[in-house]
Amino acid sequence: AVQGATDYEYKIFEGGPTNKVWPALIDWTSAGNVLETDVSLQSTAEEFTIWVRAKSGGQKSSHAQLAVYDAPDISSLSIIALNSETETPVSVQLHQNYPNPFNPETTIRYALPAASEVRLAVYDLLGREVSVLFEGLQMQGAHTVRFDATGLPSGSYVYRFEVADKVVSRVMTLSR
């Protein structure tokens, strides 16, 4: 772990997490001091693998590997860097889904600073619940949930994350 990390880096390869594709589409690149950044790609593979690491001065954490599934017509990704797998998130975090827009599946990531009762649900724009992705006790750390919108019409949906007395919502777009 890097104490007091001030910067995050990412590296992108074309292919799944078990593929060793060289060279990287994007080699270690700074994401600045933010935990989320958007990246434009000049490739349209079915799958990309992303490595993320924190750094402070000359110190760098071990990298965490994330798989990202990408529809052929999407040319940008949101990269989310939690400090590292060995560090505990300092606050409740709900990240933008990826890919977005999506068809028919997308990934939602969130993080918890402590074990908590959580509820993650998806609603249409009329406020009707269309899916409960998780409900119950979840351990601290980073978590990933897949949402399959097969059977739902194109349009915008809201995913709502409830933890104790905190509620966070984001909008995602299903594009057929």
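Here are some questions and answers about the predicted model shown above.

Me: Before we start, what kind of model is this, and what pLDDT do local features need?
Reply: Residues are numbered from 1 along each chain as its sequence is written, and side-chain values use heavy atoms, with hydrogens and water left out. It's a predicted model in which totals for chains, interfaces and linings use all residues, side-chain atom pairs count only at pLDDT 80 or more, and local features need a pLDDT of at least 70.

Me: How many helices and strands does the protein have?
Reply: Helices (H or I, at least four residues) and strands (E, at least two) are DSSP runs, numbered from the N terminus. Read along the sequence, the pattern is β-β-β-β-β-β-β-β-β-β-β-β-β-β. The count comes to zero helices and 14 strands.

Me: What share of the residues is buried?
Reply: Buried means under 20% relative accessible area, exposed means over 50%, and partly exposed is in between (1.4 Å probe, protein chains only). The protein has 176 residues, and the buried share is 47%.

Me: In the sheet made of strands 8, 9 and 12, which strands are at the edges?
Reply: Two strands pair if DSSP finds at least two bridges between them. This open sheet has three strands in the order 8-9-12, with antiparallel pairing. Strands 8 and 9, for instance, pair over two bridges. The ones that pair on one side only are strand 8 and strand 12.

Me: Leu94 has a bridge partner in strand 9, but which residue is it?
Reply: Strand 8 and strand 9 run in the antiparallel sense where they pair. In strand 9, the bridge partner of Leu94 is Tyr110.

Me: Arg109 is in strand 9 too, so is its side chain buried or exposed, and which side chain does it contact?
Reply: Arg109 lies in strand 9, and it counts as buried because its relative accessible area is 9%. A polar contact is a pair of N or O atoms within 3.5 Å; within protein, one must be able to donate a hydrogen and the other to accept it, and residues adjacent in sequence count only if both atoms are side-chain atoms. At 3.2 Å, the side chain of Arg109 makes such a contact with the side chain of Thr144.

Me: Which type of aromatic pair do Phe102 and Phe147 form?
Reply: A search of the whole structure turns up two aromatic pairs. Rings of Phe, Tyr and Trp (its six-membered ring) pair if their centres lie within 6.5 Å; planes under 30 degrees apart count as stacked, over 60 as edge-to-face and the rest as tilted. Phe102 and Phe147 sit 6.1 Å apart centre to centre with 65 degrees between the planes, making the pair edge-to-face.

Me: And how far apart along the chain are Tyr110 and Phe161?
Reply: Tyr110 and Phe161 form a tilted pair, 4.6 Å centre to centre with 45 degrees between the planes. Tyr110 is in strand 9 and Phe161 in strand 13, so to speak distant parts of the chain, with a separation of 51 residues.

Me: In the sheet ordered 11-10-13-14, why is one side of strand 11 and of strand 14 left without a neighbour?
Reply: This open sheet has four strands with antiparallel pairing. Strand 11 (129–138) and strand 14 (166–174) stand at the edges, so each has a single partner strand.
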